[in-house]
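This report describes one protein chain, going from its overall layout to its strands, its surface and a few single residues. The sequence and the model are shown first.

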Amino acid sequence: TAAGLACGFLWTIVKGLKIDDVVLCPSGEGYYYVGTISSDYYYVPDTDLPHRRKVIWMDKVIYRKDMSEKLRTLPVR
């Protein structure tokens, strides 16, 4: 199961996300940072997170409580 999840995550980073896609990153404190993908996939060996895309982070957060029910219940990818 873990290998399948890891492969799915990697596919999303490499192929699923496109430049100009909007992404949400959880803060762990009930809100999400909002960013836009700004680069193609690249690999940085010998790091904790080697699979990367550059993101331009907006000066905006979205609180989970303010999201629509549909958005709150989307599966996390």
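Strands, as the word is used here, are DSSP runs of E with at least two residues, numbered from the N terminus. On that basis, S5 gives the most to the nonpolar patch of this chain, with three residues. The model is a predicted one.

**Overall layout**

The chain has two helices and five strands. Along the sequence, these elements follow the pattern α-β-β-β-β-β-α. Along the principal axes, the C-alpha atoms fill a box of roughly 40 × 30 × 20 Å. Of the 77 residues in the chain, 18% are buried.

**The sheet**

An open sheet is formed by three strands in the order S1-S2-S5, with antiparallel pairing. Strand S1 (22-26) and strand S5 (55-63) are the edge strands, and each pairs on one side only. On average, neighbouring strands of this sheet are turned by 30° against each other, direction ignored.

S1 and S2 are paired antiparallel over five bridges. The two strands also form a hairpin with four residues between them, and Gly-28 in the turn has a positive phi of about 85°. Across this pairing, Leu-24 stands opposite Val-34 in S2.

On the S5 side, strand S2 (residues 31-37) is joined to S5 by six bridges, and these strands too run antiparallel. Thr-36 stands opposite Ile-56 in S5, and Tyr-31 has Tyr-63 in S5 as its bridge partner. How much of S2 is covered? S2 is mostly covered, with six of its seven residues buried.

**The nonpolar patch**

Which residues make the nonpolar surface patch? Tyr-33, Trp-57, Val-61 and Tyr-63 make it, and its area is about 380 Å². Trp-57 lies in strand S5. This residue has a relative accessible area of 44%. Residues must have over 30% relative accessible area to enter a patch, so Trp-57, at 44%, passes that cut-off. Trp-57 counts as partly exposed because its value falls between the 20% limit for buried and the 50% limit for exposed.

**Accessibility of selected residues**

The table lists three residues with their relative accessible areas.

| Residue | Relative accessible area | Class |
|---|---|---|
| Cys-7 | 55% | exposed |
| Cys-25 | 31% | partly exposed |
| Asp-20 | 60% | exposed |

Cys-7 is classed as exposed because 55% is over the 50% cut-off. Cys-25, at 31%, is partly exposed because this value lies between 20% and 50%. A disulfide is a covalent bond between the sulfur atoms of two cysteines. The structure holds zero disulfides.

Asp-20 sits in the loop between helix H1 (2-16) and S1. Its 60% is over 50%, so Asp-20 is exposed. Asp-20 and Ser-39 are 19 residues apart in sequence, and their C-alpha atoms are 8.6 Å apart in space.

**Salt bridge**

How many salt bridges does the structure hold? The structure holds one salt bridge. Side chains of opposite charge can pair when their charged atoms come close. Here the side chains of Lys-65 and Asp-66 meet, at 3.2 Å from N to O. That distance is within the 4 Å limit, so the pair counts as a salt bridge. Both Asp-66 and Lys-65 are exposed.

How values were computed. Residues are numbered from 1 along each chain as its sequence is written. This is a predicted model: local features need pLDDT of at least 70, side-chain atom pairs count only at pLDDT 80 or more; totals for chains, interfaces and linings use all residues. Side-chain values use heavy atoms; hydrogens and water are left out. Two strands pair if DSSP finds at least two bridges between them. Axes are lines fitted to C-alpha atoms, for helices over the stretch in contact, and angles run from 0 to 180 degrees between N-to-C directions. A disulfide is a pair of cysteine sulfur atoms within 2.5 Å. Buried means under 20% relative accessible area, exposed over 50%, partly exposed in between (1.4 Å probe, protein chains only). Patches are made of residues with over 30% relative accessible area and no salt bridge: like charges are joined within 9 Å, nonpolar side chains (Val, Leu, Ile, Met, Phe, Trp, Tyr) within 5 Å. Accessible areas come from the Shrake-Rupley method with a 1.4 Å probe; for residues, only the protein chains shown count as cover.
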